[in-house]
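Dear colleague,

I am handing over the structure we spoke about, and below it you will find an account of what turned up when I went through it. Please read the text with the model open beside you.

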Amino acid sequence: YADLQAGGQVDDTGHGALTITALRKPFVNVPADTIMPPTAIVLNPDEQATLCFADSMGTLVTAKYIDNINFPNDTTALVRFINLTDDQSMVGLSSADGAFNQGGVGFLQATEFFNMPRGVNTFEVTDSTGAIFTTLSFDLWGQKAYTIYLSGNGAGNLDYFLH
């Protein structure tokens, strides 16, 4: 997490907006290209959120997801899934052991955090027909929160980050 300060005009409830611009400069002697125009993202006081950036048909888009993290006990991890690839309009995430199954996750959509037992877990991503096209196995620790995300194009890349 980074502590970001709200920018721009802050209203009387303390809400403000951070303006983000993305530039690409592949070579020193070439001017920078703006790949995402200035985009305002509302930041609320004391709110924890994840900001994601994805390439959608050559245009960088951004999405903000609120991190509601509450652990029921020390043996449980929290996991959520975000679809950051526009090549897969609808995907699903499930655990290989059948303990969790969430379908119908569209581009830039996310599931809520769900409880998973600590230990090594294998997750499978399915396309709109239900066919498994990628998997990811990793060790979940109790009282930790993870976001699994699908990115890239074609079958996509499946990875995760720890909050």
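Two strands are taken to pair if DSSP finds at least two bridges between them, and with that in mind the sheet that I would look at first is an open one of four strands in the order β8-β5-β11-β12, with mixed pairing. Its edge strands, each of which pairs on one side only, are β8 (114-117) and β12 (157-162), and from one strand to the next the twist averages 35 degrees. Within this sheet, strand β11 (residues 145-151) pairs with β12 in the antiparallel sense over six bridges, and Ile148 has Tyr160 in β12 as its bridge partner. Please keep in mind throughout that this is a predicted model.

As to the chain as a whole, it has 163 residues, of which buried residues make up 34%. It contains twelve strands and zero helices. About 9400 Å² of the chain is exposed, and carbon and sulfur atoms supply 49% of that area. Among contacts between residues at least 6 apart in sequence, 48% join residues that are at least 24 apart.

There is another open sheet of four strands, with the order β7-β6-β9-β10 and antiparallel pairing. Here β7 (101-106) and β10 (132-140) are the edge strands, each pairing on one side only, and the twist averages 20 degrees from one strand to the next. Strand β6 (residues 90-95) runs antiparallel to strand β9 (residues 119-126), and four bridges join the two; Ser94 stands opposite Glu124 in β9.

Which strands contribute to the largest nonpolar core? This core has 18 residues, and those with the most contacts inside it are Val79, Phe81, Leu93, Phe123, Leu140 and Ile148. At least two of its residues come from each of β5, β6, β8, β9, β10 and β11. Val79 is worth displaying with its surroundings: leaving aside its neighbours within four places in sequence, Val79 is in contact with Glu112, Phe113, Phe114, Met116, Phe123, Leu140, Tyr146 and Ile148. In soluble globular proteins, nonpolar side chains tend to be buried together.

Turning to β3, its side chains alternate, in that Thr50, Cys52, Ala54 and Ser56 point to one face and are buried, whereas Ala49, Leu51, Phe53 and Asp55 point to the other face and are not buried. The pairing of β3 with β4 is antiparallel and extends over eight bridges, with Asp55 standing opposite Leu60 in β4.

A search of the whole structure for salt bridges finds two. Side chains of opposite charge can pair when their charged atoms come close. In one of these salt bridges, Glu47 is joined to Lys64, with the closest N and O atoms 2.8 Å apart. The pair links distant parts of the chain, since Glu47 lies in the loop between β2 (33-43) and β3 (49-56) while Lys64 belongs to strand β4 (residues 59-66), 17 residues apart. Glu47 counts as partly exposed because its relative accessibility is 27%, and Lys64 is likewise partly exposed, with a relative accessible area of 27%.

Are the partners of the other salt bridge, Asp67 and Arg80, buried or exposed? Their closest N and O atoms are 2.6 Å apart, and both Asp67 and Arg80 are buried. This pair, too, links distant parts of the chain, with Asp67 in the loop between β4 and β5 (76-83) and Arg80 in strand β5, 13 residues apart.

Lastly, there are two backbone details to check. Most residues other than glycine have a negative phi, and most peptide bonds are trans. Leu108, however, has a positive phi near 70 degrees; Leu108 is found in the loop between β7 and β8 and counts as partly exposed because its relative accessibility is 25%. Gln143 also has a positive phi, near 60 degrees, and its place is in the loop between β10 and β11, where Gln143 is partly exposed, with a relative accessible area of 44%.

With best wishes

Technical notes. Residues numbered from 1 in each chain as written. Predicted model: local features only at pLDDT ≥ 70, side-chain atom pairs only at ≥ 80, totals over all residues. Heavy atoms only, no water. Axes fitted to C-alpha atoms, helices over the stretch in contact; angles between N-to-C directions. Salt bridge = Lys/Arg side-chain N within 4 Å of Asp/Glu carboxyl O. Buried < 20%, exposed > 50% of the residue type's maximum accessible area, 1.4 Å probe, protein only. Contact = heavy atoms within 4.5 Å. Areas by Shrake-Rupley, 256 points an atom, 1.4 Å probe, with all protein chains shown as cover. Core = buried A, V, L, I, M, F, W, Y, C linked by side-chain atoms within 4.5 Å.
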